[in-house]
Amino acid sequence: MAPLFLTLAAGSASATVAQQGKKPLVAVFSRSGNTRVVARQVRRALGADLFEIEPEQPYPDDYFETVAQAQSERDQGYKPPLRATVDNVASYATIFLGFPIWGMTAPPVIRSFLSAHDLSGKTIAPLITHGGYGLGDSLSVLATHAPTVNLVEGFSMQAPQERQTIERVTDWLDRLGAPK
């Protein structure tokens, strides 16, 4: 099979990823669904396999509790256990790794994913959503936790932020005089 070349464009930046005849994997962690939308679009476009990255213990439903927990995990260097790992990770040459930016970095569960899999020699193409502050140190996190991969320029975009939605709905309810 001839190599498949994919160009991902984000503004003026682009990255070319050679699949070398192997089906790619899209691995995604998405709390609110924004990153999942991007990941599923890539999966459909490439006919890739999809793997949902999930912590063994889900993050709290409450946004602000999740923020506090993620900050604590980050500060302690904690890598939450995963619900599952990719059984056949060796069969993939390229992994599109999707995640949101949390506190100017990759979520702790992404560090867990990278540590739980031997990704030596694989190409990693990040798919990143953020609330407006950019990528933070997420790319250095990927490089540190997966030093033997070929990290290519990925795709990133600002996505509606859950916190903004909560604040807007709360303000609206306050204006209506809704009971708390």
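Buried means under 20% relative accessible area, exposed over 50% and partly exposed in between, computed with a 1.4 Å probe on protein chains only. This is a predicted model, in which local features need pLDDT of at least 70 and side-chain atom pairs count only at pLDDT 80 or more, while totals for chains, interfaces and linings use all residues. Residues are numbered from 1 along each chain as its sequence is written, and side-chain values use heavy atoms, with hydrogens and water left out.

A search of the whole structure finds five salt bridges, each a side-chain nitrogen of Lys or Arg within 4 Å of a carboxyl oxygen of Asp or Glu. Three of the pairs are set out below.

| Salt bridge | N to O distance | Separation in sequence |
|---|---|---|
| Asp49 – Lys23 | 3.2 Å | 26 residues |
| Glu52 – Arg36 | 3.1 Å | 16 residues |
| Arg83 – Glu54 | 3.6 Å | 29 residues |

Asp49 is partly exposed at 25% relative accessible area, as is Lys23 at 43%. Glu52, partly exposed at 24%, is linked with Arg36 and Arg40 in a network of salt bridges.

The largest nonpolar core has 28 residues, and Ile53, Leu97, Ile110 and Phe113 have the most contacts inside it; such a core is a set of buried Ala, Val, Leu, Ile, Met, Phe, Trp, Tyr and Cys residues joined through side-chain atoms within 4.5 Å. Its largest share, four residues, comes from H3. Apart from this core lies another, of eleven residues, including Val26 and Val152.

Definitions and conventions: Helix = DSSP H or I, 4+ residues; strand = E, 2+ residues; numbered from the N terminus.
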